[in-house]
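Welcome, and thanks for opening the viewer. Please load the model, switch to a cartoon view and keep the selection tool at hand for a short walk.

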Amino acid sequence: MVRRGETGDISKMAEIYCQDIKETYKSILPKDYLEHVTIEESKKIWLNFMEKKGHLCLLWEEYDILGFAGIKEDEERKRCTMLSSLYVAKDAQGRGIGKRLIEEVFQEARMRGSEFVSVSVVMKNERAKNIYEGLGAKYEKSHIYYFGVHPVQCGKYLWRL
């Protein structure tokens with residue numbers, strides 16, 4: 001089941017985020033950055049995200065929260081919703097939860113009147129690139145994203161709704 005995230009979900013979201021980012025990026029991001037990704041800091045990140053106007057987290061829940069997608073308005077393109085984050089609990093990966101959350105993001109974007117959905121991908125994250133490209137996202141441009149003080153090469157991908 002998919003539902004909108006609430007502040008009471010922050011602890012579980014932070015847990016999933018910490019576990020997933022440390023596993024996914026262990027060979028991509030510097031060790032010192034990943035060591036500072038804590039549940040307490042992650043709670044602050046997601047609470048701050050959810051409090052911003054137009055920001056929303058969609059949660060996949062079965063017996064517990066198993067994954068979530070963060071969405072917001074794309075600041076570079078009009079009539080575009082951005083899939084700003086997608087995290088799935090390690091024990092729930094490979095079951096299609098991420099793809100189903102992306103489909104829900106598309107539905108939310110249509111309800112918002114968007115013509116596009118964008119996503120920014122760390123270029124060394126082959127798994128994410130393959131998922132997004134497999135769902136029809138087209139590479140648009142490269143850019144640098146800072147994880148703390150660490151610059152990382154990213155690519156922006158776009159779906160036309």
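Which residue of strand 7 stands opposite S120? Select S120 and look across: its counterpart in strand 7 is K156.

Before the next stop, a word on the ground rules. You are looking at a predicted model, in which local features need pLDDT of at least 70 and side-chain atom pairs count only at pLDDT 80 or more, while totals for chains, interfaces and linings use all residues. Residues are numbered from 1 along each chain as its sequence is written, and side-chain values use heavy atoms, with hydrogens and water left out.

**The sheet**

Now colour the strands. Strands (E, at least two residues) and helices (H or I, at least four) are DSSP runs, numbered from the N terminus; two strands pair if DSSP finds at least two bridges between them. Seven strands make up an open sheet with mixed pairing, and their order is 1-2-3-4-5-7-6. At the edges you will find strand 1 (2-4) and strand 6 (138-147), each paired on one side only. On average, neighbouring strands here are turned by 30° against each other, direction ignored (axes are lines fitted to C-alpha atoms, for helices over the stretch in contact, and angles run from 0 to 180 degrees between N-to-C directions).

Next, select residues 150-160, which are strand 7. Eight of its eleven residues are buried, so the strand is largely enclosed by the rest of the structure. Here buried means under 20% relative accessible area, exposed over 50%, and partly exposed in between, with a 1.4 Å probe and protein chains only.

Add residues 116-122 to see strand 5, which runs antiparallel to strand 7 and is joined to it by seven bridges. Then bring in strand 6, whose antiparallel pairing with strand 7 covers nine bridges. Pick K138 and you will see L158 of strand 7 opposite. Strands 6 and 7 form a hairpin with two residues between them, and G148 in the turn has a positive phi of about 65°.

For another antiparallel pair, select strand 2 (residues 56-61) and strand 3 (residues 65-73), joined by six bridges. E61 has I65 in strand 3 as its bridge partner.

**The salt bridges**

Time to show side chains. A salt bridge is a side-chain nitrogen of Lys or Arg within 4 Å of a carboxyl oxygen of Asp or Glu, and the whole structure holds 17 of them.

Start with K12 and D64, whose side chains meet at 3.2 Å, N to O. K12 is in helix 1 (residues 10-24) and D64 in the loop between strand 2 and strand 3, so the pair ties together parts that are 52 residues apart in sequence. D64 is partly exposed, at 30% relative accessible area.

Stay on that loop and select E62 with R95: the closest N and O atoms of this salt bridge are 2.6 Å apart. R95 sits in the loop between strand 4 (80-88) and helix 4 (97-111), 33 residues from E62, and the pair links distant parts of the chain. Both partners are partly exposed, E62 at 37% and R95 at 38%.

Is K129 buried or exposed? Select it together with E126, its salt-bridge partner at 3.2 Å between the closest N and O atoms. K129 is buried, with a relative accessible area of 12%, whereas E126 is partly exposed at 43%. The two are three residues apart in helix 5 (residues 126-134), a separation of about one helical turn.

For the last stop, select D74, E76, K141 and K156, which salt bridges with shared partners join into one network.
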